Amino acid sequence: MAKENSENPRFICGLHATLHVISGKWKPLILFFLDKGPTRYGELKRSVRGVSDKMLIQQLKELESDGIVQRTDYGEIPLRVDYSLTPFGASLVRAMEPLCGWGEEHEEDIAAAMDRRKTSR
């Protein structure tokens, strides 16, 4: 439902604001894996298969800038850094959980639709 908000006219509705934060091919997956707890960069890269280093770094920086992810640098050599969800980020992941359930429930239908789309091109 669209709600008029004269204080912040940037967003049409709450969904628009949420999509602004999670937009990007990899951000929802990054959030999914960070929900398991603090994660080092290499482990996150292995978990989010297919993401390039450049894109992962960019998406992490955006999430950090938005207050969703916290980067902890331990100031050690060799470099030791991990990423974790902030409380704000954890609340976003809780809001995404029904989408994960929907995807799991309809995984076969979604795969079939993707196959149909490929063959119709």
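Visitor: Why does Val93 count as buried?

Guide: Val93 has a relative accessibility of 6%. Buried means under 20% relative accessible area, exposed means over 50%, and partly exposed is anything in between, with a 1.4 Å probe and protein chains only. At 6%, Val93 falls under the buried cut-off, so buried it is. A word on the source: this is a predicted model, where local features need pLDDT of at least 70 and side-chain atom pairs count only at pLDDT 80 or more, while totals for chains, interfaces and linings use all residues. Residues are numbered from 1 along each chain as its sequence is written, and side-chain values use heavy atoms, leaving out hydrogens and water.

Visitor: Where is Val93 found?

Guide: In helix H5, which covers residues 87-105. Helices (H or I, at least four residues) and strands (E, at least two) are DSSP runs, numbered from the N terminus. Val93 is also 56 residues from Gly37 in sequence, with 12 Å between their C-alpha atoms.

Visitor: What makes Ile68 buried?

Guide: Its relative accessible area is just 2%, so Ile68 passes the buried test. Ile68 has its place in the loop between H4 and S2. Go 15 residues along the sequence to Asp53, and the C-alpha atoms are 20 Å apart in space.

Visitor: Which residues of the largest nonpolar core touch the most other members?

Guide: Ile30, Leu31, Leu44 and Val69, out of 21 residues in that core. Such a core is a set of buried Ala, Val, Leu, Ile, Met, Phe, Trp, Tyr and Cys residues joined through side-chain atoms within 4.5 Å. At least two residues of this core come from each of helix H1 (14-22), helix H2 (27-34), helix H4 (53-65), strand S3 (81-85) and H5. H2 gives the most, with four residues.

Visitor: How do you know that Asp35 and Arg94 form a salt bridge?

Guide: Their closest N and O atoms are 2.7 Å apart. A salt bridge needs a side-chain nitrogen of Lys or Arg within 4 Å of a carboxyl oxygen of Asp or Glu, so this pair qualifies. The bridge links distant parts of the chain, since Asp35 sits in the loop between H2 and strand S1 (39-40), Arg94 in helix H5, and they are 59 residues apart.

Visitor: Why are Asp35 and Arg94 called partly exposed?

Guide: Asp35 has a relative accessible area of 32%, and Arg94 has 38%. Both values lie in between the two cut-offs, so partly exposed is the right label.

Visitor: What makes Asp35, Arg94 and Glu97 a network?

Guide: Salt bridges link these residues. Glu97 also bridges to Arg94, with closest N and O atoms 2.8 Å apart. Those two both lie in helix H5, three residues apart, about one turn of the helix. Glu97 is partly exposed because its relative accessible area is 40%. A search of the whole structure finds five salt bridges; among them is Glu76 with Arg80, whose closest N and O atoms are 3.1 Å apart.

Visitor: What joins Ile77 and Pro78?

Guide: A cis peptide bond, with omega about 0°. Pro78 lies in the loop between strand S2 (69-73) and S3.

Visitor: What makes Glu104, Glu107, Glu108 and Asp109 a negative surface patch?

Guide: Patches are made of residues with over 30% relative accessible area and no salt bridge; like charges are joined within 9 Å, and nonpolar side chains (Val, Leu, Ile, Met, Phe, Trp, Tyr) within 5 Å. Asp and Glu count as negative, so these four residues carry like charges. Glu104 has 61% relative accessibility, so Glu104 counts as exposed. Glu108, in helix H6, is exposed too, because its relative accessible area is 70%. Helix H6 (residues 107-119) gives the most to the patch, with three residues.

Visitor: Which residues make the nonpolar surface patch?

Guide: Trp102, Ile110 and Met114, with about 300 Å² between them. Met114 lies in helix H6. Its relative accessible area of 45% is over the 30% needed for a patch, so Met114 can take part while counting as partly exposed.

Methods: Areas by Shrake-Rupley, 256 points an atom, 1.4 Å probe, with all protein chains shown as cover. Charge placed at Lys NZ, Arg CZ, Asp CG, Glu CD.
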